[in-house]
Amino acid sequence: MPKNNFAAIPNSLVTHAVTDSATSLTVPDTANYAEGYVRTNSVVETRDGTDPTTTKGTQWAAGDTIALRSRDEVTGFQVIRENASNAATIDFQFFNKVPGMN
């Protein structure tokens, strides 16, 4: 992969299972950007490394796309299910750089 081109990191498409306890992502070393598709049920997330709650954080519904626009956001991402009784998953793809950046 050329260093200066925006590209998906090989083999970095993952399905993240979301629980009722805060979880973070397993981030590839070269990831500086990620996009996540909320596949099933609503989730609540934070990007500063703090644990989200059902009343603290940004809520996303099934079908929404989450963009993590920096290495700090990718590594600081924490997520929980909005409803503890409903399973939730997010499909994430990691990229080497932020789109549009040189």
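A residue is called buried here when its relative accessible area is under 20%. By that cut-off, both F92 and F94 are buried in this predicted model. These two phenylalanines offer a convenient way into the structure, starting with the sheet around F92.

Four strands make up an open sheet, arranged in the order β1-β8-β3-β6 with antiparallel pairing. At the edges lie β1 (14-18) and β6 (65-68), each of which pairs on one side only. From one strand to the next, the twist averages 25°. As a reminder, strands of a sheet pair through backbone hydrogen bonds, in either a parallel or an antiparallel manner. Here, β1 and β8 are paired in the antiparallel sense over five bridges, and within this pairing V14 stands opposite F92 of β8. On the next pairing along, seven bridges join β3 to β8, again running antiparallel. F92 appears here too, as the bridge partner in β8 of G36. The position of F92 can thus be followed on both pairings of β8: V14 is opposite F92, and G36 is bridged to F92. The remaining pairing, between β3 and β6, is antiparallel over four bridges, with A67 in β6 as the bridge partner of E35.

Aromatic rings come next. A pair of aromatic rings is described by the distance of the centres and the angle of the planes. Five aromatic pairs are present in the structure. One of them joins F92 and F94 in a stacked arrangement, with 6.2 Å from centre to centre and 25° between the planes. The angle of 25° falls under the 30 degrees that sets the limit for stacking. Elsewhere, ring pairs link F6, Y33 and F95 into a cluster.

Just past the end of β8 (88-95) comes N96, placed in the segment after that strand. Is N96 buried or exposed? With a relative accessible area of 11%, N96 is buried. The side chain of N96 also has a polar partner, reaching the backbone oxygen of N5 at 2.7 Å.

Turning to charged side chains, a search of the whole structure finds four salt bridges. In one of these, D20 is joined to R81, with the closest N and O atoms 3.9 Å apart. Because D20 sits in the loop between β1 and β2 while R81 belongs to strand β7 (residues 78-81), the pair ties together parts that are 61 residues apart in sequence. The two partners differ in their surroundings: D20 is partly exposed at a relative accessible area of 46%, whereas R81, at 16%, counts as buried.

Two further salt bridges meet at R47. The side chains of E45 and R47 come together at 3.0 Å, N to O. E45 is buried, its relative accessible area being 2%, while R47 is partly exposed at 24%. R47 also forms a salt bridge with E73, where the closest N and O atoms are 2.9 Å apart. E73 is in helix α1 (residues 71-76) and R47 is in the loop between β4 and β5 (58-60), so this pair ties together parts that are 26 residues apart in sequence. Like R47, E73 is partly exposed, with a relative accessibility of 24%. Through these shared partners, E45, R47 and E73 are joined into one network.

T23 gives a view of strand β2 (residues 23-24), in which it lies. Its relative accessible area is 21%, which means that T23 counts as partly exposed. Leaving aside residues up to four places away in sequence, T23 touches H16, A17, F77, Q78 and V79. By contrast, T23 and D48, 25 residues apart in sequence, are separated by 13 Å in space, C-alpha to C-alpha.

Two backbone features complete the description. Most residues other than glycine have a negative phi. Which angle does N11 adopt, although it is not a glycine? N11 has a positive phi of about 60°. N11 is placed in the segment before β1 and is exposed, with a relative accessible area of 81%. N41 likewise has a positive phi of about 60° without being a glycine. N41 lies in the loop between β3 (33-40) and β4 (43-46), and is partly exposed at a relative accessible area of 33%.

Note on methods. Residues are numbered from 1 along each chain as its sequence is written. This is a predicted model: local features need pLDDT of at least 70, side-chain atom pairs count only at pLDDT 80 or more; totals for chains, interfaces and linings use all residues. Side-chain values use heavy atoms; hydrogens and water are left out. Helices (H or I, at least four residues) and strands (E, at least two) are DSSP runs, numbered from the N terminus. Buried means under 20% relative accessible area, exposed over 50%, partly exposed in between (1.4 Å probe, protein chains only). A polar contact is a pair of N or O atoms within 3.5 Å; within protein, one must be able to donate a hydrogen and the other to accept it, and residues adjacent in sequence count only if both atoms are side-chain atoms. Two strands pair if DSSP finds at least two bridges between them. Axes are lines fitted to C-alpha atoms, for helices over the stretch in contact, and angles run from 0 to 180 degrees between N-to-C directions. Rings of Phe, Tyr and Trp (its six-membered ring) pair if their centres lie within 6.5 Å; planes under 30 degrees apart count as stacked, over 60 as edge-to-face and the rest as tilted. Contact means heavy atoms within 4.5 Å.
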